[in-house]
Amino acid sequence: MTTPMEGSSIQIVSFPHPTLRHKSKPVRRVDAELVQIVREMFRLMYANNGIGLAANQVDLPLRLFIVNLSAKPDEGEEFVFINPVLSKPKGNEEFEEGCLSFPELYGPVTRPKQITVQAYNLRGEEIRMNLDGMLARVIQHEYDHLDGTVFVDRMTPTARAKAQPMLDEFELGLRALRQTGAVPGDDVIASRLAQWEQRYA
Ligand code: ZN
């Protein structure tokens, strides 16, 4: 179990952890601890071979996510998107997605092929990018997390039905973690999130 302001002990939460359904709040300030948390998010993402990770996947209610398409610490480009805004979606494309909060689950999701993202990095500099391909895909997936939307929400009914047995297993997994106290009750989670929001949002 983690205590509220212990930034270095963050971990990835799995579906259906309630924070994954929380609508994240805009970040109003960046301090040394938040920089440290983002560094830790990269470490967790690489350790799990991920290419994107949103703050609420590590139980933080803030509008930020990270991306590195190489999934490796010494390759590719590391992006931090704070308070992102997506616009100008164009086209449609189906692609097989996975998510670090849904270990081993993959399924087809249709999303716009191109997108424009505007955001800020950790230094407060504005980022504006017109994207397509994998980067456009990942950014839309991560952006969804900030609104409490997960990729299974966007699957077709057929794909969702195929995923259902694994979703049921995730449900049982969370129940077991709650029985051991590894995941606290909803009220404790809600008050933790409120403390983080008070500090950064
Ligand atoms: Zn995800």
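## Zinc site

His145 is buried in this predicted model, because its relative accessibility is 1%, below the 20% limit. The residue is one of the protein donors of the zinc ion, which are Cys99 (SG), His141 (NE2) and His145 (NE2), at 2.0 to 2.2 Å from the metal. Along the sequence, these donor residues follow the spacing C-x41-H-x3-H. Cys99 belongs to the loop between S4 and S5, whereas His145 belongs to helix H2 (residues 133-146), so the pair ties together parts that are 46 residues apart in sequence.

Cys99 is likewise classed as buried, since its relative accessible area is 10% and the limit is 20%.

## Strands S4 and S5

The two strands that flank the Cys99 loop run antiparallel and are joined by five bridges. In this pairing, Glu97 stands opposite Gly107 of S5.

In a regular strand, side chains alternate between the two faces of the sheet. Strand S5 (residues 107-111) shows such an alternation. Gly107, Val109 and Arg111 are directed to one face and are buried. Pro108 and Thr110 are directed to the other face and are not buried.

## Nonpolar surface patch

Strand S4 (residues 93-97) also contains Phe95. Its relative accessibility is 38%, so Phe95 counts as partly exposed, the class between the limits of 20% and 50%.

Phe95 forms a nonpolar patch on the surface with Leu69 and Met134. Together, the three residues have about 250 Å² of accessible area.

Note on methods. Residues numbered from 1 in each chain as written. Predicted model: local features only at pLDDT ≥ 70, side-chain atom pairs only at ≥ 80, totals over all residues. Heavy atoms only, no water. Patch = residues over 30% accessible without salt bridge, like charges linked within 9 Å, V, L, I, M, F, W, Y side chains within 5 Å. Areas by Shrake-Rupley, 256 points an atom, 1.4 Å probe, with all protein chains shown as cover. Salt bridge = Lys/Arg side-chain N within 4 Å of Asp/Glu carboxyl O. Helix = DSSP H or I, 4+ residues; strand = E, 2+ residues; numbered from the N terminus. Buried < 20%, exposed > 50% of the residue type's maximum accessible area, 1.4 Å probe, protein only. Pairing = 2+ DSSP bridges. Donors = N, O, S within 2.8 Å, 3.2 Å for Na, K, Ca; no water.
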